Amino acid sequence: MFCIVSTAVCLLIALIKTIIITGCKDALYTVKSVVQHFISGNSTVNLCALDLSKAFDKVNHYALFMKLLDRNVPIALLHILINWYTMLAAVVRWDNMFSDVVKLQCGVRQGGVLSPVLFAVYVNDVIMALSKSGHGCYFNNMLIGCNMYADDLLLLSSSLCDLQSMVDICCDEFKKLHMCLNVKKSQVIRTGRSYRKEVNCISINGKPVQFVVELKYLSWHILSVDRFEVSLHHIRVRFFQSFNALYAKSSDFSEPVLQHLVNVYCKSYLGLLYGADVIHWNNSDLSSIMHAFNSALCKVYKVKFQLLDSTYDFTNQRDIVQDIALRYRH
C-alpha cells in the first residue's frame, strides 16, 4: 500500500505543470526571497493571506477526477483513486453513542499523503488564472506573487491595485470550484519603506480585508516594518508551550531522558529551530533564542544559569546557536 501511494504522489507531482512547493521551508524561503528582492529595489510589498473556508472538505470528487483525466493520469491509478474516494464514510461519536454511517461525497482526507497533491491539482486553475493576469510580483517573466502551500494562499504585489485584481480573480475562480474566502480570517500587511503610508483597503466581495501589523503564514508571524522580519516572540512562546507540556508529564523521567525528549520534540520539531535555516539571525536574535533554550535546560537539570557551562560539558549538549549554524551549512 505504501508503495502504491508513493508512486501515486510522484506521478501526480510530475503531471502538475506549475511549480510545486514541497515543504513549509520552501514556501517560507520563497516568501522571504521575494520580499527581500523587491524591498532591495525600494519597493513596498503588499502581502495578502487569503483563508479558504474548509477547503479540503469541499473538493468535488467528480471534478477532481476530470482534472486528473485532463492531465493524462494513468487509468489504473485513476481507478484506484475513484475506488478509495467513492467508499469514503464517516460517523459521529458522542460519548459512547455512534451515529449512522454517512457517505462522504466530497472532500479529500485531512492528513492524507495524497491530499495536498490532489488539492493542488483541484485548485491549479486559480494559479493559472493569476499567472495569465500579469498581476503580482514577477521575476524573469515567472510569477512569484502567488505562494500556495496546501490551502494556505499568500498573494504578493508591489501594487495595491494589482493586489485587488488578484483577490478578485481568486474570488471568481474559487467560486467556480464552490469554495469561498473567509474575509474575517484573511489579512493584509505592507513591508518596505512606505509600510506606514495610509492606503485604500483591499476587499473580498465588497467586504474590507483587515490590515494588520503582524501576519501569520504557516509557522511565521511576518511583521509590517521597513524590511523582512519575523516575530521571535511567537517562536519562543511555541517552544515554551511544547516544553511545559512535556515537563508537566516528566516526574518519572531522568534528566538525560528529559533532555533527549526536549531536543527531539521541542527544539527540533516544534520549537526554536523551525525555519532556522531560512531566517537571517542577528546577534540579538541568537541571544534571545539561547536564553529561552537555556531557561528550559536549567529547569531540566534544576541548576542556575551560572552552572550551565558545566552542564553542557557534562552532558555533551550542543549549544543551540551551534545547531542553527549547522543548519546553515547544510
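**A tour of helices H8 and H10, with a stop at lysine 67**

In this predicted model, begin by selecting helix H8 (residues 232-247) together with helix H10 (residues 283-301), whose axes come within 11 Å and cross at roughly 10°. Because angles under 35 degrees count as roughly parallel, H8 and H10 are therefore described as roughly parallel to each other.

Next, display the side chains where these helices meet: from H8, select Leu232, Arg236, Phe239, Phe240, Phe243, Asn244 and Tyr247, and from H10, select Asp285, Ser288, Ile289, Ala292, Phe293, Ser295, Ala296, Lys299 and Val300. Coloured by class, this contact of H8 with H10 shows 10 nonpolar, 3 polar and 3 charged residues.

Now keep H10 alone in view and follow its 19 residues, which reach 26 Å from the first C-alpha to the last, close to the 27 Å expected at 1.5 Å a residue. Its buried residues are Asp285, Leu286, Ile289, Ala292, Phe293, Asn294, Ala296, Leu297, Cys298, Val300 and Tyr301. Among the H10 residues that meet H8, Asp285, Ile289, Ala292, Phe293, Ala296 and Val300 also belong to that buried set. Just past the helix, select lysine 302, which follows H10 and has a positive phi, near 55°.

For the last stop, move to helix H3 (residues 61-70) and select lysine 67, which lies within it. Is this lysine buried or exposed? Lysine 67 has 16% relative accessibility, and it therefore counts as buried, the cut-off being under 20%. Leaving aside residues up to four places away in sequence, show what lysine 67 touches, namely Val121, Tyr122, Asp125 and Leu177.

How values were computed: Residues are numbered from 1 along each chain as its sequence is written. This is a predicted model: local features need pLDDT of at least 70, side-chain atom pairs count only at pLDDT 80 or more; totals for chains, interfaces and linings use all residues. Side-chain values use heavy atoms; hydrogens and water are left out. Axes are lines fitted to C-alpha atoms, for helices over the stretch in contact, and angles run from 0 to 180 degrees between N-to-C directions. Helices (H or I, at least four residues) and strands (E, at least two) are DSSP runs, numbered from the N terminus. Angles under 35 degrees count as roughly parallel, over 145 as roughly antiparallel, 65 to 115 as roughly perpendicular and the rest as oblique. Contact means heavy atoms within 4.5 Å. Ala, Val, Leu, Ile, Met, Phe, Trp, Tyr, Cys and Pro count as nonpolar, Asp, Glu, Lys and Arg as charged, and the others, Gly among them, as polar. The expected span of a helix is 1.5 Å times one less than its number of residues. Buried means under 20% relative accessible area, exposed over 50%, partly exposed in between (1.4 Å probe, protein chains only).
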